[in-house]
Amino acid sequence: RAEISHQIDGINASLNLMRGIFDWDNSLVRLDDLNTQAEDPSLWDDQERAQKLLRDRTRLEKSIEEVRGLEQELEDAITLIELGEAEDDGAVVAEGESVIEGLQRRAAKLELESLLSGEADGNDCYIEINAGAGGTES
């Protein structure tokens, strides 16, 4: 039980970090604003602006849905474990614990993706390494 509590705490920490990175409250307001702009019939008068707006809206929707989905699945898994414990059903508890282990992996992946979601993070990068003291043989 302590291990599952630790995993739940880790998932919640990841969710809190993602909310901080997304600036959660402002992201929700921004999504509403983008949806309002997308409904404007004159949006497609400027193709470039329309495409950028829709890309931004899709990216923001996806991020918000992922966090909300993870939150809901975590709540469902916790409820499943509690029901299993109340009914003294080890199989149900094990199923809930298995779900939480999967959520922990997913939360870690989403956390990393959210850390790498800046404006230029999707761009390619080149790196060059040069030998320092000791020459190329070291």
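I began with aspartate 46, which at 39% relative accessibility counts as partly exposed, and I placed this residue in the loop between helix 2 and helix 3. The model I am reading is a predicted one, and I keep that in mind for each entry below. From aspartate 46 I looked across to glutamine 104, which stands 58 residues away in sequence and 43 Å away in space, C-alpha to C-alpha.

**Overall layout**

I then stepped back to the whole chain, where I counted four helices and zero strands, running α-α-α-α from the N terminus on. The radius of gyration came out at 22 Å, well over the 14 Å that the globule rule gives for 138 residues, so I note the protein as more spread out than a compact globule. The C-alpha trace spans about 65 × 60 × 20 Å along its principal axes. I looked up burial next and found that 23% of the 138 residues count as buried, while the accessible surface comes to about 9,700 Å², with 49% of that belonging to carbon and sulfur atoms. Among contacts between residues at least 6 apart in sequence, I find that 67% join residues at least 24 apart.

**Helix 3**

I checked the length of helix 3 against expectation: its 40 residues should span 58 Å at 1.5 Å a residue, and the end C-alpha atoms are 58 Å apart, which agrees. Which residues of helix 3 are buried? I listed Ala50, Leu53, Asp56, Leu60, Ser63, Ile64, Val67, Leu70, Leu74, Ala77, Ile81 and Gly84, and I noted that their cover includes helix 1, helix 2 and helix 4. In reading that list I kept in mind that an α-helix has 3.6 residues a turn, so residues three or four places apart point the same way.

**After helix 3**

Beyond helix 3 I came to aspartate 88, which has a positive phi of about 55 degrees although it is not a glycine. I found aspartate 88 in the loop between helix 3 and helix 4, and at 71% relative accessibility I record it as exposed, because the cut-off for that class is over 50%.

**Helix 4**

Helix 4 covers residues 90-115, and I find that its 26 residues reach 37 Å from first C-alpha to last, close to the 38 Å expected at 1.5 Å a residue. At its start, a side-chain oxygen of aspartate 89 reaches to within 3.2 Å of the backbone nitrogen of alanine 91. I entered Val93, Gly96, Ile100, Leu103, Ala107, Leu110 and Ser114 as the buried residues of this helix, and I saw that what covers them includes helix 1 (2-22) and helix 3 (47-86). I also looked at leucine 115, found in helix 4, which counts as partly exposed at 47% relative accessibility. Leucine 115 and glutamate 71 are 44 residues apart in sequence, and I read 18 Å between their C-alpha atoms.

**The nonpolar core**

Which of the 24 residues in the largest nonpolar core touch the most other members? I wrote down Ile11, Leu15, Met18, Leu70, Leu74 and Ile100. Helix 1, helix 2 (24-38), helix 3 and helix 4 each supply at least two residues of this core, and I note that helix 3 gives the most, with nine residues. As background I recall that in soluble globular proteins nonpolar side chains tend to be buried together.

I followed isoleucine 100 further and, leaving out residues up to four places away in sequence, found that it touches Ile4, Gln7, Ile8, Ile11, Leu74, Ala77, Ile78 and Ile81.

**Two buried polar residues**

From that contact list I picked out glutamine 7, which lies in helix 1. I asked whether glutamine 7 is buried or exposed. With a relative accessible area of 8%, glutamine 7 is buried, and apart from residues up to four places away in sequence I see it touching Ile100, Glu101 and Gln104.

The other one I looked up is serine 27, whose place is in helix 2. Serine 27 is buried as well, with a relative accessible area of 7%. Leaving aside neighbours within four places in sequence, I find serine 27 in contact with Phe22, Leu60 and Ile64. Of these partners, Leu60 and Ile64 also stand in my list of buried residues of helix 3.

Definitions and conventions
Residues numbered from 1 in each chain as written. Predicted model: local features only at pLDDT ≥ 70, side-chain atom pairs only at ≥ 80, totals over all residues. Heavy atoms only, no water. Expected span 1.5 Å × (residues − 1). Buried < 20%, exposed > 50% of the residue type's maximum accessible area, 1.4 Å probe, protein only. Contact = heavy atoms within 4.5 Å. Polar contact = N/O pair within 3.5 Å; in protein donor to acceptor, adjacent residues only side chain to side chain. Core = buried A, V, L, I, M, F, W, Y, C linked by side-chain atoms within 4.5 Å. Rg over C-alpha atoms; globule rule 2.2 N^0.38 Å. Areas by Shrake-Rupley, 256 points an atom, 1.4 Å probe, with all protein chains shown as cover.
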